[in-house]
Every structure is written in structure tokens, then in C-alpha cells.
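Let's take a walk through a protein together. Keep the picture open while you read, and find each residue as it comes up.

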Amino acid sequence: MNNEYRLYIYAFLSRVMSNIPDRRFIHDLKNNESLLEIIGEETREWVKNTDEEALHEAMNIDYSSMYILNTQPVESFVLDAKNETLVGLQNPVMAFYFTHGFEVNMDQTDIMAPDHLGIEFAFMQMLIYRNELEPQREFLDQHLFVWVVPYMMGMKSMAGTPFYRDMCDFIVEFLASDYEYLSAGKING
């Protein structure tokens, strides 16, 4: 694993978790054999053997059901039963962002929570780009591992498509692998 691969995966994960898949996303996914292979065999076969319109419909229904209607991928919602988004530096994720010079412009996104998983993955992408190693480990340890692993394990049973079932597993496996990689000090460009 190298930083270029890690940047690519975190960017992809940020996009997957940030919004309903649009037609361009589905077209690009269908034509990216190497990405399909790493997501999972069931996804690869399903995407290859299903037309783009059917993929669009199924994936939109699944995303909406999993990440909008039932529960949103927001750290404070998952960790705090009140379903409240803490604002400003009261939010531990915002405090972490602020400490590391990451400005979240909520006016530029449809996402309403700064601790949404799509934004957290984008933050990791920025830390990798800046080659800030210790903050990467800290953020994985203090934030992503705390809630994303159990969240994805629970969400997998709600997934109605191979793509989102495999994505739940892929996210857990990738985060564990990335943390191990960072902890081992095997950082390279």
C-alpha cells in the first residue's frame, strides 16, 4: 500500500458515503475493473452483469434506505443516542479538524454534519496528501475506529445490493489495513 493508493481509496470512500450514486459514478464504476475487483467478487459480477439504469435504480434505493432513511453515517448520531449534531468546537471532530487546519465549508455541500463519514474520509485524504502521519493514526484511533467499524458491521445486514454489502466489508477491512500500515511505519510515496 502506498500514499497514492490510499489517497485514491479515501477519495472513493468519501464519494461513496457522501451522496446517492449518480449515473456518471455508476458508469465509471462499471468501467473500472480493478476497483470492482478490490470491492468484492459479488459486486464485480453484479455490476458487470447489470445494465447501468438498473444499477442506478437499485443503488439509489439502497443508499437512501441505508444512509438517509434508517440512519445517517454521522459520528455524533452513532455515538450519542440524542441524534444531535454538535456544532463548532463542541464537536470533537470539528476540534480535530481545526487543530489540523482542515476547514469544512458546510455551504459547499448537501451534507449537514461536519462529522459525516464522507467528510471524515475527505479529511483523511487531506492528511495523506499533506503527509501528516501522526494525525492520520490519531484520527483513525480516536474517531474512525470508534464508530465506523461497528456501524458498518451493523449496516451490512440492511444492504439490499451486493455493492453496499461489499462496501461495508471493504471499509472495515481497509480501515484495519490502513491503521496497521500506519502503525508499522511503512509509509512511502
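We'll start with the whole chain, then look at helices, and end with single residues.

First, a word of caution: what you have in front of you is a predicted model. The protein chain contains 10 helices and 0 strands, so if you read the elements from the N terminus on, you get α-α-α-α-α-α-α-α-α-α. Of the 189 residues in the protein chain, 46% are buried. Now take the contacts between residues at least 6 apart in sequence: 71% of them join residues at least 24 apart. Keep that in mind, as we'll meet several pairs of this kind.

Let's zoom in on helix α2, which covers residues 23-30. Which residues of helix α2 are buried? They are F25, I26 and L29. These residues span an arc of only 95° around the axis, which places them on the same side of α2. There's a handy rule behind this kind of pattern: an α-helix has 3.6 residues a turn, so residues three or four places apart point the same way. And what do the buried residues of α2 pack against? Their partners are α1 (3-18), α3 (33-39), α4 (41-48), α5 (52-70) and α10 (162-183).

Next, try a pair of helices. Two packed helices are described by the angle between their axes and the distance between the axes. For α7 and helix α9 (residues 133-155), the axes come within 12 Å and cross at roughly 175°. Angles over 145 degrees count as roughly antiparallel, and that is why α7 and α9 get this description. In this contact, α7 supplies P92, V93, F96 and Y97, while α9 supplies P135, E138, F139, Q142 and H143. Sorted by kind, the residues of the contact of α7 with α9 are 6 nonpolar, 2 polar and 1 charged.

One residue of that contact, V93 in α7, leads us to another helix. E75 sits in helix α6 (residues 75-79), and its contacts include V93 and also H143, if you leave aside neighbours within four places in sequence. The others are D115, E120 and W147. Is E75 buried or exposed? Its relative accessible area is 6%, so E75 is buried. E75 also shows how the chain brings distant stretches together: E75 and V148 are 73 residues apart in sequence, yet their C-alpha atoms are 7.9 Å apart in space.

Stay with helix α9 a little longer and find V149. Its relative accessibility is 18%, and because buried means under 20%, V149 makes the cut. Leaving aside neighbours within four places in sequence, V149 is in contact with L144 and V172. The C-alpha atoms of V149 and D169 are separated by 9.1 Å, with their positions 20 residues apart along the chain.

Now go to helix α1, where you'll find both Y5 and R6. These two sequence neighbours make a nice comparison. With a relative accessible area of 32%, Y5 is partly exposed, whereas R6 has 0% relative accessibility and so counts as buried. Not counting residues up to four places away in sequence, Y5 touches I38 and F174. R6, on the same terms, touches M1, I128, Q136, D178, Y181 and L182. Look closely at one of these partners: the side chains of R6 and D178 are joined by a polar contact of 2.4 Å.

Let's finish around helix α8, which runs over residues 117-129. H116 lies in the loop between α7 (92-99) and α8. It has 6% relative accessibility, so H116 counts as buried. A polar atom of the H116 side chain lies 2.9 Å from the backbone nitrogen of G118. Further along, Y129 belongs to helix α8 and, at 67% relative accessibility, counts as exposed. Y129 and N3 are 126 residues apart in sequence but 7.8 Å apart in space, C-alpha to C-alpha.

Last stop: N131, in the loop between α8 and α9. N131 is partly exposed, with a relative accessible area of 43%. What is special about phi of N131? Phi is near 60°, a positive value in a residue other than glycine.

How values were computed. Residues numbered from 1 in each chain as written. Predicted model: local features only at pLDDT ≥ 70, side-chain atom pairs only at ≥ 80, totals over all residues. Heavy atoms only, no water. Helix = DSSP H or I, 4+ residues; strand = E, 2+ residues; numbered from the N terminus. Buried < 20%, exposed > 50% of the residue type's maximum accessible area, 1.4 Å probe, protein only. Polar contact = N/O pair within 3.5 Å; in protein donor to acceptor, adjacent residues only side chain to side chain. Arc of directions from axis to C-beta. Contact = heavy atoms within 4.5 Å. Axes fitted to C-alpha atoms, helices over the stretch in contact; angles between N-to-C directions. Parallel < 35°, antiparallel > 145°, perpendicular 65-115°, else oblique. Nonpolar A, V, L, I, M, F, W, Y, C, P; charged D, E, K, R; others polar.
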